[in-house]
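Work through the exercises below with the structure in view. Each task is followed by a solution in steps.

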Amino acid sequence: MSRIGNNPIAIPSGVTIDFKDNLLTVKGKLGELSQNIQDVELKIEDSNIVVNRPSDSKTARTNHGLYRSLIFNMIEGVSNGWTKQLELVGVGYRASNQGNKLDLALGFSHNIVIDVAPEVTVETISEKGKNPIVKLTSHDKQLVGQVAAKIRGFRKPEPYKGKGVKFVGEELRRKAGKSA
């Protein structure tokens with residue numbers, strides 16, 4: 001049995017849920033998200049959602065915990081939102097934004113300019129003596145993660161000096177350099 005799939009999901013106040021024709025729609029103060037639900041049954045009672053599987057088929061077992069997690073992430077996103085923070089470690093690495101255009105200087109011969117999806121809010125924090133931080137916020141967890149992974153992919157942190165774009169709080173495996 002899926003331990004994650006068996007846990008009920010609490011619906012906070014201010015969040016409305018609509019389930020018709022295998023399409024779950026979650027609306028909250030930060031936005032609206034939809035997800036197609038298959039191979040599982042949803043029971044909406046009081047202020048909880050319970051995900052059950054109708055059979056013990058392989059697809060039903062694999063989707064049980066998956067859909068429970070997706071629904072939880074949707075509810076959490078429209079009520080509180082999701083945030084990812086990226087830190088730029090390196091001499092001369094800078095970040096600035098104008099609206100949803102993100103301008104990154106990552107040690108290449110040219111700056112990298114990214115048009116971020118309109119659902120994602122971009123904020124850059126630059127303090128003297130500290131590494132620049134790019135803060136991404138949205139109600140869609142998948143979209144925030146995808147944009148953060150794309151930005152990190154431009155200059156992944158290297159194992160010797162740790163230079164590159166890394167998540168705030170990420171522990172890097174460091175290697176010892178050459179010893180003379």
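**Exercise 1. State how many helices and strands the protein chain has.**

Step 1. The model is a predicted one. Step 2. Its protein chain contains three helices and 13 strands.

**Exercise 2. Set the radius of gyration of the protein chain against that of a compact globule, and give the spans of the chain.**

Step 1. For 180 residues, a compact globule would have a radius of gyration near 16 Å. Step 2. The protein chain has 21 Å instead. Step 3. Along the principal axes, the C-alpha trace spans about 65 × 40 × 25 Å.

**Exercise 3. Describe burial, contacts and surface in the protein chain.**

Step 1. A residue is buried if its relative accessible area is under 20%. Of the 180 residues, 34% count as buried. Step 2. Take the contacts with a separation of 6 or more: 51% of them involve residues 24 or more positions apart. Step 3. The exposed area of the protein chain is about 11,200 Å², and carbon and sulfur atoms supply 48% of it. Step 4. The protein chain carries 27 positive and 19 negative charges, and the mean positions of the two groups are 11 Å apart.

**Exercise 4. Find the strands at the edges of the open sheet that contains β6, and explain what their place leaves uncovered.**

Step 1. The sheet has three strands in the order β1-β6-β5, with antiparallel pairing. Step 2. β1 (9-10) and β5 (41-45) each have a single partner strand, so they stand at the edges and one side of each has no neighbour in the sheet. Step 3. β1 is joined to β6 (residues 48-52) by two bridges, and the two strands run antiparallel. Step 4. In this pairing, I9 is opposite I49 in β6.

**Exercise 5. For D21 and D46, give phi, the loop and the exposure.**

Step 1. Most residues other than glycine have a negative phi. Step 2. D21 has a positive phi, near 50 degrees. This residue is in the loop between β2 (16-20) and β3 (23-28). Step 3. The cut-off for exposed is over 50% relative accessible area. D21 counts as exposed because its relative accessibility is 78%. Step 4. The phi of D46 is also positive, near 55 degrees. D46 lies in the loop between β5 and β6. Step 5. With a relative accessible area of 82%, D46 is exposed.

Notes: Residues are numbered from 1 along each chain as its sequence is written. This is a predicted model: local features need pLDDT of at least 70, side-chain atom pairs count only at pLDDT 80 or more; totals for chains, interfaces and linings use all residues. Side-chain values use heavy atoms; hydrogens and water are left out. Helices (H or I, at least four residues) and strands (E, at least two) are DSSP runs, numbered from the N terminus. The radius of gyration is taken over C-alpha atoms; the globule rule is 2.2 Å times the number of residues to the power 0.38. Buried means under 20% relative accessible area, exposed over 50%, partly exposed in between (1.4 Å probe, protein chains only). Contact means heavy atoms within 4.5 Å. Accessible areas come from the Shrake-Rupley method with a 1.4 Å probe; for residues, only the protein chains shown count as cover. Lys and Arg count as positive and Asp and Glu as negative; His and the chain ends are not counted. The place of a charge is taken as NZ of Lys, CZ of Arg, CG of Asp or CD of Glu. Two strands pair if DSSP finds at least two bridges between them.
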